[in-house]
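Biologist: Could you take me closely through one part of this model, the place where aromatic rings come together around a tyrosine in a loop, and then set that part against the rest of the chain? I would like a connected account rather than a list.

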Amino acid sequence: MKSEGIEGCERFLSPGKGRGMRATKHFKVGDLIFVCPAYSYVLTVNERGGHCECCFTRREALSKCGKCKQAYYCNVECQKGDWPMHKLECSAMCSYGENWCPSETVRLVARIILKQKFQTERTQSERLLALKEFEAHLDKMDNEKNEMNQTDIAALRHFYSRHLDFPDNAALTELFAQVNCNGFTIEDEELSHLGSAVFPDVALMNHSCSPNVIVTYKGTLAEVRAVQEISPGEEIFNSYIDLLYPTEDRNERLRDSYFFTCDCKECTTKSKDKAKMEICRKLSTPPEPEEIREMAMGVCLYMQDWDGAMKYGEKIVQPYSVHYPPYSLNVASMYLKLGRLYLGLEKKAEGVKALKKAVSIMNVVFGKDHHYIAEIKKEMEEQK
């Protein structure tokens with residue numbers, strides 16, 4: 001297809017950053033800026049049986065592939081739609097059995113290679129940026145990252161050699177580096193990992209620690225919404241990392257994964273660092289960072305220690321509300337988890353109150369018509 005562009009946005013050369021995306025019209029908070037279908041995607045193995053392999057719909061009574069019996073689908077249409085990609089894995093899973101264990105990145109790259117064989121024109125995922133234009137940063141990779149790349153290439157050849165013709169090693173090295181630097185994790189409303197994907201147009205946006213948009217998912221579609229007012233001519237910024245951390249920690253993560261140091265206003269002024277550290281100091285003696293509490297909450301949930309999970313959630317949610325931007329998925333998901341915990345412990349008033357706070361954020365970041373919000377409203381309705 002010929003590149004059609006995205007209404008309200010354009011690609012441009014961002015000073016000091018390289019290519020980027022900027023608005024050509026005004027967007028208010030909550031506006032849907034654009035939707036990008038995944039160029040390629042893969043459902044994580046742990047979610048098989050709970051989500052459709054093709055559309056990522058979460059539902060019961062999915063139908064499984066009759067051959068490998070490991071991939072599940074909504075219906076025949078979804079199964080047929082996924083077959084061009086699933087056939088890469090179906091026979092291999094049968095042959096290797098329990099020894100079939102490529103990483104999620106390897107599985108995603110295999111699907112990209114296959115798609116590039118038959119998809120020669122630009123797709124609806126590449127209206128402003130083509131996948132082949134992704135930065136690889138090969139010159140900035142250290143020995144450890146290079147070794148990981150070669151390990152992934154070896155796994156790709158091992159598990160997919162019967163079904164794929166591979167480009168040469170140099171091209172594979174570049175492709176893995178491109179995917180590692182530009183890939184996305186698809187998550188649900190509680191920020192649980194569902195799969196991995198590449199969304200070229202979404203990858204065009206540069207990073208800021210004070211982003212004016214947020215990316216959420218509806219199945220295998222990425223939706224980009226404004227979380228600040230955006231004027232015509234203003235650059236559109238996404239956040240590449242978790243914004244909970246102080247400036248030095250954030251930039252260490254950015255340098256390690258994306259090979260740059262952020263120079264946004266929040267990083268140059270470090271305006272929130274002192275407040276973050278002070279809140280951590282007051283909340284714990286000795287200090288117990290929110291990330292540790294969230295891990296502890298996750299352990300409690302896994303162990304079905306509902307009271308323990310609730311207590312950790314109550315400690316986390318207020319600092320999250322202070323540390324994160326106003327419309328944060330991390331804050332929304334914490335209120336959501338806490339609300340569902342309250343309801344499970346027969347604390348209906350507290351549960352509904354927490355769920356309402358989650359919905360107030362989710363209305364902006366997911367859009368009011370998202371099925372996640374409909375599900376939560378149904379949960380609240382059932383408490384009456």
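Modeller: What follows begins with the aromatic pairs around one tyrosine and then moves outward to the rest of the chain.

The model is a predicted one, and the count of aromatic pairs in it comes to 8. One of them is formed by Tyr-240 and Tyr-258, whose rings are tilted, with 4.9 Å from centre to centre and 55° between the planes. This pair links distant parts of the chain, since Tyr-240 sits in the loop between strand S12 (237–238) and helix H6 (247–258), whereas Tyr-258 belongs to helix H6, 18 residues apart from it. The two partners fall into separate classes of burial: Tyr-240 has a relative accessibility of 25% and counts as partly exposed, while Tyr-258, at 18%, counts as buried. Because the limit for a buried residue is under 20% relative accessible area, Tyr-258 with its 18% falls on the buried side.

Tyr-240 also forms an aromatic pair with Phe-260, and this one is edge-to-face, with 6.1 Å between the centres and 85° between the planes. Because Tyr-240 lies in the loop between S12 and H6, and Phe-260 in the loop between H6 and helix H7 (265–269), the pair ties together parts that are 20 residues apart in sequence. Phe-260, with a relative accessibility of 26%, counts as partly exposed. Tyr-240 therefore takes part in a tilted pair with Tyr-258 and in an edge-to-face pair with Phe-260, and the angle explains the two labels, because planes over 60 degrees apart count as edge-to-face.

The loop between H6 and H7 also holds Phe-259. Although Phe-259 is not a glycine, its phi is positive, at about 65°, and the residue is buried, with a relative accessible area of 17%. Another residue with a positive phi that is not a glycine is Lys-69, where the angle is about 60°; Lys-69 lies in the loop between strand S5 (63–64) and strand S6 (72–73), and with a relative accessible area of 47% it is partly exposed.

Cys-262 is buried, with a relative accessible area of 9%. The closest cysteine sulfur to that of Cys-262 is in Cys-264, at 3.5 Å, which is too far for a bond, because a disulfide calls for sulfur atoms within 2.5 Å. A search of the whole structure accordingly gives 0 disulfides. Cys-101 is likewise in no disulfide, as the nearest cysteine sulfur, that of Cys-94, is 16 Å away; Cys-101 is exposed, with a relative accessible area of 54%.

Rings elsewhere in the chain are arranged in other ways. Phe-184, Phe-199 and Tyr-217 form one aromatic cluster. There are also charged side chains over ring faces: Arg-253 lies over the face of Tyr-245, at 3.6 Å from the ring centre, and Lys-115 lies over the face of Tyr-39, at 4.5 Å from the ring centre.

Two further residues show how parts of the chain are placed in space. Ala-309 is found in helix H10 (residues 306–323) and is buried, with a relative accessible area of 0%; from C-alpha to C-alpha, Ala-309 and Tyr-342 are 10 Å apart, with their positions 33 residues apart in sequence. Lys-132 is found in the loop between helix H2 (104–118) and helix H3 (143–160), and with a relative accessible area of 70% it is exposed. The C-alpha atoms of Lys-132 and Leu-175 are separated by 8.5 Å, although the two residues are 43 residues apart along the chain.

As for the chain as a whole, it has 13 helices and 12 strands. The radius of gyration is 22 Å, close to the 21 Å that the globule rule gives for 384 residues, so the chain is as compact as a globular protein of that length. Along the principal axes, the C-alpha trace spans about 55 × 50 × 40 Å. Buried residues make up 50% of the 384 residues, and the chain exposes about 18,900 Å², of which carbon and sulfur atoms supply 50%. Among contacts with a separation of 6 or more, 64% are between residues 24 or more positions apart.

Conventions:
Residues numbered from 1 in each chain as written. Predicted model: local features only at pLDDT ≥ 70, side-chain atom pairs only at ≥ 80, totals over all residues. Heavy atoms only, no water. Phe/Tyr/Trp six-rings, centres within 6.5 Å; stacked < 30°, edge-to-face > 60°. Helix = DSSP H or I, 4+ residues; strand = E, 2+ residues; numbered from the N terminus. Buried < 20%, exposed > 50% of the residue type's maximum accessible area, 1.4 Å probe, protein only. Lys NZ or Arg CZ within 6 Å of the ring centre and 35° of its normal. Rg over C-alpha atoms; globule rule 2.2 N^0.38 Å. Contact = heavy atoms within 4.5 Å. Areas by Shrake-Rupley, 256 points an atom, 1.4 Å probe, with all protein chains shown as cover.
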